[in-house]
Amino acid sequence: MKTSYLKSPDLLPVKENERKITGLGYSFMWVGMVVVLATFAIGGAGVMSLPLPLVLLATVIGSLAIGLFITLTGDIGIEHGLSFPVYMRAPFGTLGTHIPSLVRGVAASMWFGINTYFGATAMNGILNLLYGFDNWFVCFLIFALLQLVNTALGIKAVERFADLAAPIIILISVWMYSSLSDTAAVQGRDIWGWVESPVTGGAAVTAFLVVIFSNMGFWATLAADIPSISRFMKAPRNEKNWFKRNKNSLIGNLITLPITQTFMVLIGAVSYIAVLNYDPVIALQEAAGGLVLGILLLMIVLAQWSTNIAANVVPAATIFSNVGGPKFPFWAGVFTAGVVGTLVQPWNLFGVIIPVLLFIGGILSAIVGILVADYYLIRKRRVNVPALYEDHGQYKYMNGVNLAGFIAWIIGAVASYFVPSFSFLVGFGAGAVFYYVLAKYWWFKKYEQAELLDPDDDKYLGISAGRDWEIDSETEKSVEEAG
């Protein structure tokens, strides 16, 4: 008997005893994930029109807000052990899941390319200092391969690298802030008061909101597919209280994320104030030299590595594995992400890719809204998980497609396009509202859902009901081994 393509071993529910990521490990992942060029750019763009204290306040607000959304969707992984593309079979259908999932997978791969290029320039700077070597493309290929191999070794290897990199990143970040602040002082610029082109009144309010929603939109992608990571997080069995069950997630998303994001936005802002360039690699090369510069550039390399493997390669590989089926394992998805991220040539398209990816973030915000509406408002966290792996189960809908999900997604995506500065909230709100109405009062009347007909916690909850979901599969093996 041939195994269904829906039952890829790497995508089966993660059992409670196979979850390896601790609360500290998840927080360390966040420390690395936020150190990316786009985060620095938020700070640099902010101080063009607002004083630094307001930029930082807006960043804290935006980070707390998006951290809450990430925690909400992360419960899908914690409660049921499900990855993003597998749960997406519920609101989009067993076949329909591939379209929105691939949008996220390609976006994650492109971010991988951008961050690898950013890290490769820093690596090239280090090798140039030490040995006079100067070939960023060779550094790009080496750096990409190191990250891909690290991720292919599995989620525990990802966490272990974060554990190693995070303390170093924190220490060097403080050093970087000090170095750039000194450079700004030499230029006669007070980092807490200098603004390039100050705005007041309504323009200041708009600029403040733009910083808030820039921080939110930037992490909209991870808010969608965080279950692919959270399914590996340790959580207490039989814990009915949502806050206690999601404690590790809450600490990472509502404490570590806002603190680290705000500090990195601060570095980007100070970098711009110091040399009028938010890219700290360029700023540091102007502001420092010798051993100091080498150590600061090392931090950039470690941070891109930590960011990419957790925020980009793991989600992209999970999605590509879902599309490819049982014969396309997680490690093959990892290298597919690497190939896609290289083929887009981020070094040539850098100025175009960032706006495109932030636009995709707006599109994905509608998916976050749909996930929240489907999981919390309609199903009340109860999920008929075995049916997610059945070719002809309740999630097949109309030839594998849930039209309610697609209609809501299109409406949310279009709405977010017309208000780019507020794309996350508009996309999220439109996606959630339209999906709730269409699914509850139309689609699920046509295609009955077992967990709605019989809302039994003992049947349809996961770890909070003490259950590890068992899926029959001829190719089944442990998720820990699969990665």
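1. R237 has a relative accessibility of 31% and therefore counts as partly exposed in this model, which is predicted. Its side chain meets that of D468 in a salt bridge, with 3.0 Å from N to O. R237 sits in the loop between α11 (227-230) and α12 (242-245), while D468 sits in the loop between α21 (457-460) and α22 (479-482), so the pair ties together parts of the chain that are 231 residues apart in sequence. D468, at 23% relative accessibility, likewise falls in the partly exposed class, the lower limit of which is 20%.

2. A caution on confidence belongs beside that first pair, since α22 is named as one border of the loop that holds D468. In the protein chain, the mean pLDDT is lowest in α22, at 35, and highest in helix α5 (residues 89-92), at 96. Over residues 475-483 the pLDDT is below 50, although this stretch has 25 contacts in the model beyond near neighbours in sequence. Where pLDDT is low, the predicted coordinates should not be read in detail. For the protein chain taken together, the average pLDDT is 85, and 92% of the residues score at least 70.

3. Which residues form salt bridges with R379? One partner is D374, with the closest N and O atoms 2.8 Å apart, and another is E451, whose side chain meets that of R379 at 2.9 Å from N to O. The pair of E451 and R379 links distant parts of the chain, 72 residues apart, with E451 in helix α20 (residues 450-453) and R379 in the loop between α17 (346-378) and α18 (403-418). R379 is buried, with a relative accessible area of 0%, and D374 is also buried at 0%, while E451 counts as buried at 1%. Side chains of opposite charge can pair when their charged atoms come close.

4. The structure holds 12 salt bridges, and the pairs described above are among them. Salt bridges that share partners also join D75, E79, R245 and R381 into one network, which a colleague may wish to view as a group.

5. On the surface, a nonpolar patch is formed by L129, L130, Y131, F133, V138, I142 and L146, which together have about 670 Å² of accessible area. Two elements, α6 (98-131) and α7 (136-152), each give two or more residues to this nonpolar patch. L146, one of the patch residues, lies in helix α7 and counts as partly exposed, with a relative accessibility of 38%.

6. Is A303, in helix α15 (residues 290-324), buried or exposed? A303 is buried, with a relative accessible area of 0%, a value that lies under the 20% limit for that class. Leaving aside residues up to four places away in sequence, A303 touches G32, V35 and I169. The C-alpha atoms of A303 and A162 are separated by 9.0 Å, although these two residues are 141 residues apart along the chain.

Conventions:
Residues numbered from 1 in each chain as written. Predicted model: local features only at pLDDT ≥ 70, side-chain atom pairs only at ≥ 80, totals over all residues. Heavy atoms only, no water. Salt bridge = Lys/Arg side-chain N within 4 Å of Asp/Glu carboxyl O. Helix = DSSP H or I, 4+ residues; strand = E, 2+ residues; numbered from the N terminus. Buried < 20%, exposed > 50% of the residue type's maximum accessible area, 1.4 Å probe, protein only. Patch = residues over 30% accessible without salt bridge, like charges linked within 9 Å, V, L, I, M, F, W, Y side chains within 5 Å. Areas by Shrake-Rupley, 256 points an atom, 1.4 Å probe, with all protein chains shown as cover. pLDDT = per-residue confidence, 0-100. Contact = heavy atoms within 4.5 Å.
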